[in-house]
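Work through the exercises below with the structure open. Each task is followed by a solution in steps.

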Amino acid sequence: MWCRRVAAAVVLASALAAAPTVARAADPAPLRAVGFAAKNGRLTVSVGLQDLFGEAERERLKSGFATRVLLRAALEEASTGEPVAVAVQRAEIVYDIWDEKFGVRTSDGLGVERRAVAPTADEAIWRAAVLFELPLVDMARLRPGTEYVLAVRGDLNPISEDLLIEVRRWLVQPARGQRRLGAGDSFFGSFVSIFVNPRIEDSERQVRFVSQPFVLGVVVPSPPPPTLPPPRPQPGRLR
Amino acid sequence: MDEGPSAADAAAFPDPRFGPRYVIEAVRIAGNRKTETSLIVGELAVMGLTPGASVDASDARVEAARYRLLSLGYFLDVHLSVARGSKRGAVVLVVNVEERGTLVINELFPATSEATLFWGGADVSEMNFLGRGINLGAGFVISTKPLVPDAHAGLGLRLHVGVPPLGGPNGVGLSVTGLYNDGSEFYRTSGADSDPDPGRFIATRVRRIGGVLTAGKMFPHNLHVTASVREEAVSATLPAQYLPGGTQPQIDFMVQNGESRVGTIAAGLDYDTRSDPVLPRSGMRVALSVEAGTSLLGSSYSYVKTVFDGSFYVKMPHGHALGFHLFGGSIEGNAPYFDRFFIGDLDLLLPRRALGINFSTQPAPNFLGTSIASQRYDNYAGRLLIEYAIPIWRHHGWVYGGDAFVAFGVLGMASDEDMLKSPPIDLTGDFGIRLDTYVGVFTISIANVLSRSSF
């Protein structure tokens with residue numbers, strides 16, 4: 001009797017579990033052209049991630065509070081995926097509601113901080129979300145004939161691990177301070193608990209891509225570094 | 001590059017301050033057609049964002065306040081901004097919220113067993129009743145008439161009202177749960193302990209009506225403390241032939257014949273440091289509760305029930321997690337059967353009680369050949385489960401995360417009067433997947449299937 005029950009349950013549970021498994025294959029990161037160059041004996045990379053900002057995010061730049069951008073780039077051996085070098089750029093944009101200008105500060109994560117004032121949102125985004133001739137690794141560390149790719153990830157308003165933990169806890173206890181007494185008095189073992197689970201991930205928006213592969217010593221056409229956007233008129237405002 | 005931006009912490013700016021510093025002149029809430037403004041303002045106050053307060057443009061409290069509001073469950077999105085105030089540096093803090101539906105289905109399932117052809121129910125909550133953050137919930141369970149002689153169809157009802165903490169989010173929250181149960185419990189009259197044949201059981205009919213008043217408060221360091229009072233009127237109809245003076249051997253029904261009352265006071269501690277309540281990787285959750293039934297509250301049953309329930313998680317390589325789940329409980333005194341430990345609540349492979357009503361005659365599987373099959377309602381219970389979880393999803397569209405898990409453990413139950421010829425212990429376990437999705441939390445496992453089709 002028990003063997004039949006268990007066997008039937010295994011079959012059913014396996015069937016249920018198998019369905020989503022089919023769909024779980026991770027989407028491959030899209031390809032994006034990245035500019036590689038040698039500068040002062042180091043490999044530099046240039047690429048724009050301005051698409052981290054949609055229309056809504058661009059509007060919210062003027063909230064008066066900081067918008068944070070985290071860009072990370074990892075140079076990997078194309079064949080093995082082994083990382084060779086990692087670079088980080090972090091940026092903050094704050095709109096001054098009185099001066100009506102954007103303040104931008106960026107850091108490479110090594111303590112070097114740069115500050116700038118941007119008159120437009122486009123320029124502020126450019127300063128925060130573009131890797132411009134970012135030094136990545138000493139050329140001497142790269143092996144001739146080996147194919148490399150650059151994996152890049154950008155995060156808008158990344159959440160610290162501590163806050164993320166706190167948020168996840170808040171989410172499952174929506175009515176704070178209230179919990180139901182339960183032992184023996186509730187439907188134990190949730191088969192389904194249906195609620196709209198706000199999409200709180202580790203950042204508000206993400207962009208991921210990989211570069212075209214490149215081989216040291218083999219000249220391949222790279223796109224030019226992203227340039228500062230031309231100023232565009234601010235609608236509804238006197239200039 | 002799949003790791004989350006928690007690495008951002010390592011790349012933080014040495015000086016966290018950037019941009020102007022504001023003094024909040026006023027707080028303006030927009031977009032809340034249903035939710036009371038005072039409720040939102042109260043949450044902001046917890047983060048120190050009140051009129052007169054100073055806040056930097058890059059203040060971490062702003063982001064935390066946004067997520068705190070989101071986590072209430074009342075909003076799809078929340079954004080904070082500032083507008084110019086009466087002078088330079090003075091601002092109006094503007095909070096734009098986008099409300100969402102707040103009706104939550106906590107549980108929904110059908111089930112069947114050899115003793116009861118069908119039982120099922122639902123547990124539904126409105127989390128933001130009247131826009132005041134009131135949690136209004138209702139649950140029910142109904143069944144067909146069980147096949148056990150003298151049994152009655154089961155009906156269980158619950159009504160739950162919880163009000164937001166008094167005096168703000170750090171105050172004391174109050175909740176009231178009303179209950180009505182009308183159902184049968186089954187007692188073996190013949191046959192082997194392993195025989196679930198409903199014809200070998202006799203049924204009682206027990207009606208319960210009452211409620212629980214609970215006060216709870218969150219303390220720092222993830223500690224939640226509760227105190228509660230419970231009162232119930234119990235009406236039991238027991239088969240006379242099995243009572244003293246009857247024609248059949250006596251049965252201890254663990255409830256008084258006729259009218260009786262249950263009156264208890266209880267206190268509980270809940271300490272939770274899990275990294276994630278749905279798919280934890282580290283931390284612990286420990287809950288300890290003590291409930292005492294006393295004649296001072298008019299109770300016909302005097303007892304003290306102590307329950308410890310702890311889960312401990314250890315990080316393993318490759319994002320895996322090892323969990324240890326320890327449950328232990330004891331009852332000293334004369335508790336009614338519905339307050340005792342029930343085998344179905346402990347053994348993952350058996351049907352659990354629904355709203356406190358049991359619908360099954362299925363004994364424990366008895367994999368170890370002990371006397372566990374005879375244990376149903378007992379005064380002492382313990383269980384140790386070891387669980388290994390492997391992440392299989394992270395951030396794929398609507399499925400935020402998913403774990404495959406396998407759990408294996410041992411449980412035991414006993415009462416004072418048991419003749420412990422062999423330790424009443426058994427093995428239990430489960431495996432399946434646990435999903436955290438946009439529309440809720442789903443567990444699909446072998447134990448779920450078994451406990452909902454118990455034959």
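**Exercise 1.** Find which residues of H3(A) are buried in this predicted model, and state how far helix H3 of chain A is covered.

*Solution.* Start with the bounds: helix H3 of chain A covers residues 121-129. A residue counts as buried if 20 or more other C-beta atoms lie within 10 Å of its own. By this test Ala121(A), Glu123(A), Ala124(A), Ile125(A), Arg127(A), Ala128(A) and Ala129(A) are buried. That is seven of the nine residues, and the helix is mostly covered.

**Exercise 2.** Identify what Ala128(A) touches and place this residue in the largest nonpolar core.

*Solution.* Leave out residues up to four places away in sequence; Ala128(A) then touches Val69(A), Ala91(A), Ile93(A), Val104(A) and Thr106(A). Next, turn to the core. The largest nonpolar core has 63 residues, and those that touch the most other members are Val45(A), Val69(A), Ala73(A), Ile93(A), Ala128(A), Ala129(A) and Leu69(B). This list holds residues of chain A together with Leu69(B). A second core, separate from this one, has 46 residues, including Phe253(B), Leu355(B), Met413(B) and Val449(B). As general background, nonpolar side chains in soluble globular proteins tend to be buried together.

**Exercise 3.** Determine the strand order of the open three-stranded sheet in chain A and name its edge strands.

*Solution.* The order is E1-E2-E7, and the pairing is antiparallel. At the edges stand strand E1 (35-39) and strand E7 (130-138) of chain A, each pairing on one side only. From one strand to the next, the twist averages 25 degrees. Now take one pair in detail: six bridges link strand E2 (residues 42-48) of chain A to E7(A) in the antiparallel sense. As a point of reference, Thr44(A) has Pro135(A) of E7(A) opposite.

**Exercise 4.** Set out the make-up of chain A and of chain B: how many helices and strands does chain A have, and how many does chain B have?

*Solution.* Chain A contains four helices and eleven strands. Chain B contains four helices and 24 strands. For burial, 34% of the 239 residues of chain A count as buried, and 41% of the 455 residues of chain B do. For contacts with a separation of 6 or more, residues 24 or more positions apart make up 73% in chain A and 59% in chain B. The C-alpha trace of chain B spans about 90 × 50 × 35 Å along its principal axes.

**Exercise 5.** Describe the four-stranded open sheet of chain B, strand by strand, and then find the helices that pack on it.

*Solution.* First, the order is E2-E1-E4-E3, with mixed pairing. E2 and strand E3 (75-84) of chain B are at the edges, each with a single partner strand, so one side of each has no neighbour in the sheet. On average, neighbouring strands are turned by 45 degrees against each other, direction ignored.

Second, go through the pairs:

- Strand E1 (residues 21-30) and strand E2 (residues 54-56) of chain B run antiparallel and share three bridges; Tyr22(B) is opposite Val55(B).
- E1(B) and strand E4 (residues 90-99) of chain B run parallel, with seven bridges; Ala30(B) has Asn96(B) as its bridge partner.
- E3(B) and E4(B) are antiparallel, with nine bridges; Phe75(B) has Glu99(B) as its bridge partner.

Third, add the helices. Helix H1 (residues 37-46) of chain B packs on the sheet and touches E1 and E4 of chain B, its direction making about 155 degrees with that of E1(B). Helix H2 (residues 60-70) of chain B also packs on the sheet, touching E2, E3 and E4 of chain B, and its direction makes about 145 degrees with that of E3(B).

**Exercise 6.** Locate the two assigned domains of chain B and describe the contact between them.

*Solution.* The domain assignment gives domain 1 (17-99) and domain 2 (103-454). The C-alpha centres of domain 1 and domain 2 of chain B are 41 Å apart. Where they meet, ten residues of domain 1 of chain B contact nine residues of domain 2 of chain B. On the domain 1 side there are four nonpolar, three polar and three charged residues.

Note on methods. Residues are numbered from 1 along each chain as its sequence is written. Chains are lettered from A and ligands numbered from 1 in the order in which they are written. This is a predicted model: local features need pLDDT of at least 70, side-chain atom pairs count only at pLDDT 80 or more; totals for chains, interfaces and linings use all residues. A residue is buried if 20 or more other C-beta atoms lie within 10 Å of its own, exposed if 12 or fewer, and partly exposed in between; C-beta atoms are placed from the backbone. Helices (H or I, at least four residues) and strands (E, at least two) are DSSP runs, numbered from the N terminus. A nonpolar core is a set of buried Ala, Val, Leu, Ile, Met, Phe, Trp, Tyr and Cys residues joined through C-beta atoms within 7 Å. Two residues are in contact if their C-beta atoms, placed from the backbone, lie within 7 Å. Two strands pair if DSSP finds at least two bridges between them. Axes are lines fitted to C-alpha atoms, for helices over the stretch in contact, and angles run from 0 to 180 degrees between N-to-C directions. Domain bounds come from an automatic or database domain assignment. Ala, Val, Leu, Ile, Met, Phe, Trp, Tyr, Cys and Pro count as nonpolar, Asp, Glu, Lys and Arg as charged, and the others, Gly among them, as polar.
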